[in-house]
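Reader: I am new to this structure and would rather understand one part of it well than skim the whole. Please take me slowly through a single stretch where a loop and its surrounding helices come together, and tell me how far the model can be trusted there.

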Amino acid sequence: MMGREQVDTDQNVECPSCQTILPYSNLNQHLDRCLTETSFGSEGGFASGHPSKSAPSTSRERLDAARPFAERMRPQSLEEFVGQDGIIHGPLKALLSQGRIPSMILWGPPGTGKTTLARILAKSVPSRASFKPGAPITPPHRFVELSATSAGTVEVKKVMDEALNRLQLTGQRTVLFIDEIQRFSRAQQDVFLPSVEKGQIILIAATTENPSFRLQGALLSRMRVFVLTKLSVDECHQVLKNALARESASTSAEDEIAYPHLDEEMLRWIATMADGDARTALSALELAITTVEAGASCEENLSRLKTALKRTWLQYDRTGDHHYDTISALHKSIRGSNPDAALYWLARMVCSGDDPLFIARRLIVAASEDCNTLEALQMATATYTACQVVGLPECGENLAQCVVFLAESPKSTRAYRGWKKAQSMVKGAYNYPVPLHIRNAPTKLMKDLSYGKEYRYEPSFAHPVHQEFFPPELKGTRFLSPPLEGEDDEDRSEEQAGCDSQGQGPRLSPRGGGGGGGGGENLHMKKEAGIGPGSCQRLFKLGARAVDLDLLEEWEREQNKGNPWVGRKSLMALIARSGRSREEDEGREDA
């Protein structure tokens, strides 16, 4: 009896490549022919008129053909690299001219060329030994690429051991590229320290998150940080043109345009929608190559591509730098009374999918910190409730209403600054006991200990009464800036708002807008406050606030349509009065 069942050579089988039914005895011969023929059939080409490509015949070609389009279009030299001119033509160029590759961190958003740049650097510079006179020419640096998403410390240690052996035997250095290094914990990052410090490896790390927060401080101090910015629309457009020319050259004959239906308008639209991500732009170009029909008009092709892509890619991370940078821009736009800029940054956050409740919470902070009015706080808290009830996308209208209200409201940081001063004193000074007369006295024992004794209950008096609420050691302490005096509420509001339609403009207290620790603070202009001789002085110090006449003129020109600020006359009079007081004080000192 045979060890295995004998196969019937006359049995019909199906070809795994083309699904043709044929005798088993002819299968091997058929496979050799089937796998070497074009994968597009005898008629050749695409149904839509795209150029045909011969099927790969070697294992290397098959692996290359399986790579994504964006991977195949990676630049192979610094001359082909697009973007990051400040880095490529700056410090890196000087280092490469000396044959040196430093250990570095490439920090930037996705699709800016971090991995591509690391690969190019490794093969662009020979070993430093070849630059020494009389030394034998050594091969280029050995390049090893790992990803922190799949590799661990075991793989890293193995690479570092091999790097040390190669360095000792041949003098060849190893460039170790770690992609997404922020995925390593701080303990895992410590593995790199000895080898980097001794120069046994050249570590190039790529990260999309702020290395100050995600990387070990000791490792960060041993490496140079290069910040890669997202590509501009023109740079993305150039990436697309280069990729299209490269793809056309590999698929068309000489003097033949492979993709005439991909016009400049479509490339420009893809570059704009990619939002600075070259990988996203190339993926969209690949989709355009396969979905656009040569016989259709440009408008139809562009409409079809927009339908396929649906929406733009916004580079945004709800837990990273983009998140905090954008909310900072929104808050500062509100503080600067620019409702248009505030709406823009709000739209950036909402369209990127940020949490509307987080935005609403920050608006509550802005209402108290920068507006300091009951109406602003009520609007912000009502907006938070509306976001809870409505949700996205409709609650975006509630957020926009609140943002515009806060941006156009009069600004005052009087309570905020006073709160910070009080916090500073509590944290940095001695905490004195509460005076007895304002202590709580719910029991007889506490009353016997004089708790609450001699407390003057103000509502029981027909006239104002005085009592001290600070500990005796802090008597006379002031945290709040002096309020406006001698004006009714309406005039005071106009003075605070600067009398412009958007509530913009600095506020000026008749007493200098000063404030701070003691009630006897000198609000006169100091000798060093003015810069320049006599009337040429443009910078002044009035109490706790600064006066910069150049900045005031810029505000009048840019935001007040060239009209003088309503408080300019009072400001100049206050400066002149402070100057005269200073001269009198100096005269008394000289006498």
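Author: A helix here is a DSSP run of H or I with at least four residues, a strand is a run of E with at least two, and both are numbered from the N terminus. With that in hand, the place to begin is Ser-337, which sits in the loop between α16 (321–335) and α17 (339–351).

What you see is a predicted model, and the protein chain as a whole has a mean pLDDT of 77, with 74% of its residues at 70 or more. The chain holds 25 helices and nine strands, and 38% of its 591 residues count as buried. Among its elements, helix α20 (residues 395–408) has the highest mean pLDDT, 94, whereas helix α23 (residues 489–497) has the lowest, 40. Over residues 1–5 the pLDDT is below 50, and this stretch has zero contacts in the model beyond near neighbours in sequence. Where pLDDT is low, the predicted coordinates should not be read in detail.

Returning to the loop, Ser-337 has a relative accessibility of 3%, under the 20% cut-off, and so it counts as buried. Its backbone also deserves a look, since Ser-337 has a positive phi of about 60° although it is not a glycine. Most residues other than glycine have a negative phi, and most peptide bonds are trans. In sequence Ser-337 is 69 residues away from Leu-406, yet in space the two are 7.9 Å apart, C-alpha to C-alpha. That pairing can be set beside a figure for the whole chain, in which residues 24 or more positions apart account for 67% of the contacts with a separation of 6 or more.

Further along the chain come two helices that pack together, α18 (residues 356–371) and α19 (residues 374–390), with their axes 8 Å apart and at an angle of about 175°. Angles over 145 degrees count as roughly antiparallel, and α18 and α19 are therefore roughly antiparallel to each other. On the α18 side the contact includes Leu-357, Ala-360, Leu-363, Ile-364 and Ala-367, and on the α19 side it includes Leu-377, Ala-380, Tyr-384 and Cys-387. Taken together, the residues of this contact divide into 12 nonpolar, three polar and one charged.

Helix α18 also carries Asp-370, which at 2% relative accessibility counts as buried because the cut-off is 20%. Leaving aside neighbours within four places in sequence, Asp-370 is in contact with His-331 and Arg-335, and also with Pro-410, Lys-411, Ser-412 and Thr-413.

After α19 the chain enters the loop that leads to α20, and Pro-393 is found there. The peptide bond joining Leu-392 and Pro-393 is cis, with omega of about 5°.

For comparison with Ser-337, consider Glu-454, another residue other than glycine with a positive phi, near 65°. Glu-454 has its place in the loop between α22 (444–448) and α23, and with 66% relative accessibility, over the 50% cut-off, it counts as exposed. Ser-337, by contrast, counts as buried.

Notes: Residues are numbered from 1 along each chain as its sequence is written. This is a predicted model: local features need pLDDT of at least 70, side-chain atom pairs count only at pLDDT 80 or more; totals for chains, interfaces and linings use all residues. Side-chain values use heavy atoms; hydrogens and water are left out. Axes are lines fitted to C-alpha atoms, for helices over the stretch in contact, and angles run from 0 to 180 degrees between N-to-C directions. Angles under 35 degrees count as roughly parallel, over 145 as roughly antiparallel, 65 to 115 as roughly perpendicular and the rest as oblique. Contact means heavy atoms within 4.5 Å. Ala, Val, Leu, Ile, Met, Phe, Trp, Tyr, Cys and Pro count as nonpolar, Asp, Glu, Lys and Arg as charged, and the others, Gly among them, as polar. Buried means under 20% relative accessible area, exposed over 50%, partly exposed in between (1.4 Å probe, protein chains only). pLDDT is the predictor's confidence in each residue, from 0 to 100.
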